[in-house]
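Subject: Structure for you to look at

Dear colleague,

I am handing over the structure we spoke about, together with some notes on what was found in it. Please open it beside this message as you read.

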Amino acid sequence: MFINGKTAHHGKKAMGYLWKMVDRLANSEANTRRISIVENCFGAAGQPLTIPGRVLIGEGVLTKLCRKKPKARQFFLFNDILVYGNIVIQKKKYNKQHIIPLENVTIDSIQDEGDLRNGWLIKTPTKSFAVYAATATEKSEWMNHINKCVSDLLSKSGKTPSNEHAAVWVPDSEATVCMRCQKAKFTPVNRRHHCRKCGFVVCGPCSEKRFLLPSQSSKPVRICDFCYDLLSTGEMTACQSTRSDSYSQSPKSSLNDVSDDDDDEDSSD
């Protein structure tokens with residue numbers, strides 16, 4: 001749902017009209033009221049969202065593909081940030097607020113396969129993940145509006161689009177054996193780990209090393225041996241390219257199989 005609760009129509013003419021509305025809403029009481037409602041839904045634990053010139057473009061529920069299972073998340077698109085959180089009470093209460101500056105965002109469409117339909121990747125230097133809309137129309141609207149916001153921000157700032165992004169983690173269920181050595185089988189004892197550079201599911205022996213990835217953490221993080229060797233020799237581009245499309249190349253599982261890491265992803269392996 002975009003701008004005043006009305007779903008945006010397709011076409012350049014409609015998009016142009018909508019963005020004229022955005023300009024008019026920038027410092028309006030109606031926009032301030034809508035943003036205040038979002039702030040109240042997140043409560044005291046959420047960050048303040050009202051700043052001069054910020055406009056709430058739209059909102060809606062998307063399915064976020066995470067580590068252990070998919071979860072419905074409430075997303076809010078502003079003209080400069082993307083905000084999402086866990087749904088406690090629909091339209092009334094959300095928690096675990098995440099704020100993503102749109103200047104750093106790039107998005108890529110994901111092909112439909114099985115139960116995973118109408119999806120795209122949201123990629124940033126700090127964190128990247130896949131989301132899915134209920135319909136193809138909703139997917140198109142979300143992607144068009146995100147791209148428009150990013151384009152406008154970059155045009156105003158004179159910055160270039162980010163070419164660095166964190167890996168999209170392969171869900172646990174898509175790997176029964178280590179994706180690097182192809183030998184170690186995962187069991188309750190032999191746990192799954194994730195390389196922070198490529199996103200692969202790997203075994204402990206294949207991911208014993210740590211490396212500082214400043215965009216993701218101030219401390220060295222777990223990475224697989226393959227990425228460590230590339231990073232140590234300065235071949236970071238090669239390391240990134242091995243993962244950039246691996247989400248779409250990896251086997252797809254059903255929505256009932258894949259997982260969520262929102263609650264513990266910072267501490268989990």
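The notes below go through the nonpolar cores, the aromatic rings and one helix in turn.

Please keep in mind throughout that this is a predicted model, and that every value quoted here was computed from it.

I begin with the nonpolar cores. The largest of them holds 27 residues, and those that touch the most other members are Phe75, Leu77, Leu102, Trp120, Ile122, Trp142 and Ile146. Two or more residues come from each of helix H1 (12-25), strand S1 (56-65), S2, strand S3 (81-89), strand S6 (119-123), S7 and helix H3 (136-157), with H3 giving the most, namely seven residues. Another core, of 18 residues, lies apart from this one, and Phe200, Val221, Ile223 and Cys227 are among its members.

The aromatic rings come next, and eight aromatic pairs were counted. In one of them, Phe42 and Tyr94 are tilted with respect to each other, with 5.7 Å from centre to centre and 50° between the planes. Because Phe42 belongs to helix H2 (residues 29-42) and Tyr94 to strand S4 (residues 93-101), this pair ties together parts that are 52 residues apart in sequence; Phe42 and Tyr94 are both buried. A further tilted pair is made by Phe75 and Phe129, at 6.5 Å centre to centre and with 40° between the planes. Here Phe75 sits in strand S2 (residues 71-78) and Phe129 in strand S7 (residues 128-132), so that distant parts of the chain, 54 residues apart, are linked, and both of these residues are buried. Ring pairs also join Phe75 and Phe129 with Tyr84 and Trp142 into a cluster.

Two lysines deserve a look alongside these rings. The charged end of Lys64 sits over the ring of Phe129, at 4.8 Å from its centre, while Lys209 lies over the face of Tyr228, 5.4 Å from the ring centre.

Finally, I turn to H2, the helix that carries Phe42. H2 has 14 residues and spans 20 Å from its first C-alpha to its last, close to the 20 Å expected at 1.5 Å a residue. Its buried residues are Asn31, Arg34, Ile35, Val38, Cys41 and Phe42, and, seen down the axis of H2, they fall within an arc of 115°, so they line one face of the helix. The face turned away from that buried side carries the exposed residues Glu29, Arg33 and Asn40. Just after H2, Gly43 takes a positive phi of about 70°.

With best wishes

How values were computed
Residues numbered from 1 in each chain as written. Predicted model: local features only at pLDDT ≥ 70, side-chain atom pairs only at ≥ 80, totals over all residues. Heavy atoms only, no water. Phe/Tyr/Trp six-rings, centres within 6.5 Å; stacked < 30°, edge-to-face > 60°. Helix = DSSP H or I, 4+ residues; strand = E, 2+ residues; numbered from the N terminus. Buried < 20%, exposed > 50% of the residue type's maximum accessible area, 1.4 Å probe, protein only. Lys NZ or Arg CZ within 6 Å of the ring centre and 35° of its normal. Expected span 1.5 Å × (residues − 1). Arc of directions from axis to C-beta. Core = buried A, V, L, I, M, F, W, Y, C linked by side-chain atoms within 4.5 Å.
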